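Trainee: I have a model open here and would like to talk through how its parts touch each other. Could you take me through it?

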Amino acid sequence: MTLPFALNIPYIAVALLILLGLYAVIFKRNLIKIVIGITLIESGVNMFLITLGYRKGSIAPIYTSSPGGIMALPVPQALTLTSIVIGVAVLALMLSLVIHLYRHYNTLDVRKIGGGKE
Amino acid sequence: MSKRELVGIVAFSIVAIFFVFTALMIHPFGSPPSDTNMDDYIIDNAQTETGANNAVTSVVFDYRGFDTLGEATILFTAVAGVILLFRRLKK
Amino acid sequence: MNIYEILLTNSPALIVAIPLLGAFLTPLISRINGKLRNLFAISVLGLTGFFIFWLAANIFIGKETFSYVFGGVETSTVIRIIFEVDALSIFMAIIAIILAFVGTVYSWAFMKDNTGLDKYYTLILLMTTGMLGMVLTGDMFNFFVFLEITSISSCALIAFRTNQGFAIDAGFKYIVISAIGALFVLFAIALLYSQYNALNMAVLANAIKYDFVDKIALVLLVGALAMKAGIVPMHMWLPDAYGRAPAPISLILVGVTQASLYGVLRVVFTVYGGISEILKVNAYLSLGTIVVILAIATMLVGVIMALKQFDFKRMIAYAAVAEIGFMILAIGTGLYLVGVGSLGADMAFKGGVFHIINDALDIGLLFLVAGSVYYATKETSLDKMGGLARNMKYTTIFFIIGLLAVAGMPPMNGFASKLIIYESIYQASPLLSIVAILSSIMLLAVFVKVFHSAFLGPAIPKFKNVKEAPKSMLLAMLLIACLIIFFGLFPDFIINNIVEPATNVLTGGVLS
Amino acid sequence: MKDEGMSRIVKTITSTIFPFIFIYGLYIIAHGHLTPGGGFQGGAVVASGCVMILVAYGSVWMMKKIKEKNLSVLESLGAIGFIGLAFLGLIFGEVFFSNYFANSKFFLFGEEVTFGVPEFANINTAGILPLMNFAVGLKVIAGLFAIVLIMAYATSKNKEGE
C-alpha cells in the first residue's frame, strides 16, 4: 500500500480498458459498438485476473523443462481460461441476436430498435 | 443533452471513480499478499496429486474441474442457443 | 457403506450433474422421438427433484449442513470446489426445481407447434442446472460460472420467438445487462481473490477485513446481482424479458431472478457476515436504509407501471417487479432493525424468505394463466379480450387464485407472508407499512381490472369458439394452485419447518 | 450460389495448410498436461482451421458437407464424455471428479511422473486429465465450428435474398 502508484500501472491500464468498454456500452448507439464495448470490458477483467497472478521474477507454473525459480500463481490463469471461453459464448450469442435485430429493423441504431410490431 | 445521456454520465462517472480507486488501492503489481496458501499448495502438490507437469492444467481439470465442466456447459449452451436462434421457422 | 448412504452423501453433486447429463443427452434423444424427449426432460427434472427433496428432508429434519468436495478429500487449505448445502440453499433449490418442473410440464402442449424443441428442452435443463448450481455452490468463481450458464440459456430462450422483433430486442437487452453484471461480479471476485488468495465463501468470510478494496468488491457484487434481480434503477430489462418470453420461460425466469437475489443475500450475510461487531452495526444500518429506499421505489414503480399496461404479460411482469420490492423491503427492514438492535429483525427476515417462495408461485401461476389465454386466443392485449370465463372455466379459477395470492388476500399464501412483512416493518416505521399495504391493494386493483375486462363481460364474437387449455397446461397450473392453497392454509407448518431453518442461516451470522 | 467461396489460389492454399493446423491443434490437445495448452486451446486452433476452410470455400458448400445437426451430436458426445469421466470418478474414487488413476501405474496415462523438474516429460501420465482434454477438445472443435458455420450460413442466405 505504501509503495508509489507507478508500480500499479498494469492495474491502471485494466481500469482504463474497462472504462473504455463501459463508455462504448453506455454512450454508443451502434449495436456492434456496444458488443465491442462488452468484449473490451471482458478483456479488461481477464487482464486483471492474469495480472493478479504475477509474482516478481516468476516463471510459468509448468514443470516440463522449467528453468527453475519461483512460479506464478496458477489459479488466476485457470480462471482466465474459463472466463475467456465464457466470453466467446456470450459474444456468439450477442452477435446472433444482432444479426436477427438487423434483419427485423434493417438498422443497427439502438434508437430505432424496439418499436413497431412483429 | 437528453435524460438518457445524463443518467449515463452519472452512472459512468460513479463506476469510473470505483475502478480508478481500485487500481490505486490494490496491492502493488508483482507482489501478492504474503499468504498465498492456495496457490503454493497447488504448485507444491500438483505433480504428486494429479500427475500433471502443467500446474495450470492440474487446476483446470482437477482442482477446479467442476468449473471446467461449467465452462464446457457454457459453450454447449451457446451452441444450443445459436442453433435455436437460427432454426427454421415453420411457415 | 451401502448404496443409500453413497447416494445421500453424493446428492449435492448429483443434483447438479443429473440435469446437466440430461441436457447433454437431450439432442441425442430428440433424434428418436419428440414425445420421448418431452418425457425424458420431465423425468430428469423429476429425478433431480427427488434428490432435492430427499436432501431437503435430511437438512430440515436433521438440522445438518451437507458439504461436498469435488474431486478429492478436504485439505487444511481449501483449494477444491466445495458445495455447501444449508437450509437456505436447499430452500432456493426447491423453488427452482418446482418452477422448472412445472414449466416443463406446461411446455408439452404449449410449445408443441414450434420448431427447435430439442434445443428448447436442452436449454431448459441447462437453465435449471445453472439455477441449482448458483444456489448450492460454496465457491465464488463457481457461482459466477453458473450465473453465466443461467443467463446465456435464459437469453436464448427469451428470444425464442425469433419472428418477433420485440422478443429479440428483449433477449439482447437481457444479455447485455447480464454480461456486464457478470463481468462486474467476476471483477469483484478477482478483487477478493487478490486480497485473501481464496475463492471459497467460508474461507473468505473468516478472512475478511472490510477495508477499502473489500467495500468496493461488496458494492460491485451487490450492484451487479441486484441488476440481475431486477431492483429498481436497473429493472428496465425485466418487463421486456418476462413479457416477451414464452409463458413457461417467464415462469422459470422468476426463479432466475430469485437465484440472483439469493446471490445478494449470500454475499451480504455469508461472505460479509463475519466483519467485526462495531463495523457491522454501522454497515447494516446504512445498508438497510439504502435497501429500504430501493425497495419502496421498486414497489411503487412496479405497481404504477402495472396499472398503465395493456399487455397481459407485461402487466404481470411489472407486478413481479413490485413483488421483488416486497421481498427486499423485508430484508432491508431486517438489516435496519439489526442496526438499531431491535428484536423484530428475525421476523422481518422470516417474512422476506417466506415471500420468496410465495412470489415464485403466485407470479408463476399468473404467467401460466396468461400463457393459456394466449394459447387459446393468440392475443396478448387486454383491450381485445373479453368474456373468456364462459369457455375457459378452469383457467378463470386459476386466475382468481393467482389474483388473490398476489394481492395478499386470505386464504392464499401471499396473505401469510405479507402479514408477517407488514407487522415487522411496522416496527421500523408505520409509514412503511402503509405504503406496503397500499401497493398491495393497488396490485389487487390491477388484477381485478384484468379479471373484469378479460374474463367477464359479454363474449366477443371472435372468441366464441375458444377452447379450454389442454390437459398438461391445466395440470401444471393445478400443481402450483395446490401449493398456493396449501401454503395459505398451513402457513405455520411451512414457516416452522422450512422457512425458519432457512432464515436462521441468514440471521445466524447477524443476530448472534 | 455460383460465386460461393474465394478464388482457386486461396482454396488450394487453405487445403494445403489445413492438415498442418489440424495436427498442431491435436498436438496441443494431447500435450495439455505437459506444456502450455490443453483441450480448449487446441480445440480453438483446430476450429479456426475449419473456419479458414469455411471462409475459403463458402458456407453453402460447407453446409452440404457437414450438417450442423451432426456437429451438435459430436459436441454432445464430447460433453457426455467429459461428464462421464466425472461420473466414473464417482464410481471408482467415491467422489465426483476424482482423478482416480493418476500415478497409479494404470496402463493408460497412469504412470508416475518424475517429480521435480523432469528432463523428458512423460506423456503417459496424469490420469484422467489427458482424457478430459480430449473430450473437451472434441467439444470445442465441434462447438466453435458449429457456431461460426451456422452464423455464416444464416447471413450468407440473407445476402442472396432467399
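Mentor: Let us begin with a term: two residues are in contact if their C-beta atoms, placed from the backbone, lie within 7 Å. Please also keep in mind that this is a predicted model.

Trainee: Okay, so how many residues of chain A are in contact with chain B?

Mentor: On the chain A side there are 39 residues, and they are in contact with 40 residues of chain B. The elements of chain A that give two or more residues to this side are helix 1 (9-27), helix 2 (31-52) and helix 3 (74-105).

Trainee: Which of them gives the most?

Mentor: Helix 3 of chain A does, with 13 residues, and by class the whole side of chain A that touches chain B divides into 30 nonpolar, seven polar and two charged residues.

Trainee: And where chain C touches chain D, what are the numbers?

Mentor: There, 13 residues of chain C are in contact with 13 residues of chain D. Helix 1 of chain C, residues 3-29, gives the most to the chain C side, with nine residues, and that side has ten nonpolar, three polar and no charged residues.

Trainee: Switching to helix packing, at what angle do helix 4 of chain B and helix 4 of chain C pack?

Mentor: Helix 4 of chain B (residues 65-85) and helix 4 of chain C (residues 117-136) pack at about 145°, with their axes 9 Å apart, and the crossing is left-handed. Among the residues that meet are B:Thr73, B:Thr77 and B:Leu84 from chain B, and C:Lys119, C:Tyr120 and C:Leu126 from chain C. By class, this contact has six nonpolar, four polar and one charged residues.

Trainee: What about helix 2 and helix 4 within chain C, how do they pack?

Mentor: Helix 2 of chain C, residues 34-62, packs against helix 4 of chain C at about 5°, with the axes 10 Å apart. Angles under 35 degrees count as roughly parallel, and these two helices are therefore roughly parallel to each other. Helix 2 of chain C brings residues including C:Arg37 and C:Val44, which meet residues of helix 4 including C:Asp118 and C:Ile124.

Trainee: Last one: is helix 12 of chain C largely enclosed or not, and why?

Mentor: Of its 29 residues, 28 are buried, so helix 12 of chain C is largely enclosed by the rest of the structure. Helix 12 of chain C covers residues 312-340 and reaches 42 Å from its first C-alpha to its last, close to the 42 Å expected at 1.5 Å a residue. Just after this helix, C:Gly341 takes a positive phi of about 80°.

Terms used. Residues are numbered from 1 along each chain as its sequence is written. Chains are lettered from A and ligands numbered from 1 in the order in which they are written. This is a predicted model: local features need pLDDT of at least 70, side-chain atom pairs count only at pLDDT 80 or more; totals for chains, interfaces and linings use all residues. Axes are lines fitted to C-alpha atoms, for helices over the stretch in contact, and angles run from 0 to 180 degrees between N-to-C directions. Helices (H or I, at least four residues) and strands (E, at least two) are DSSP runs, numbered from the N terminus. A crossing is left-handed if the near helix is turned anticlockwise from the far one by less than a right angle, and right-handed if clockwise. Ala, Val, Leu, Ile, Met, Phe, Trp, Tyr, Cys and Pro count as nonpolar, Asp, Glu, Lys and Arg as charged, and the others, Gly among them, as polar. Angles under 35 degrees count as roughly parallel, over 145 as roughly antiparallel, 65 to 115 as roughly perpendicular and the rest as oblique. The expected span of a helix is 1.5 Å times one less than its number of residues. A residue is buried if 20 or more other C-beta atoms lie within 10 Å of its own, exposed if 12 or fewer, and partly exposed in between; C-beta atoms are placed from the backbone.
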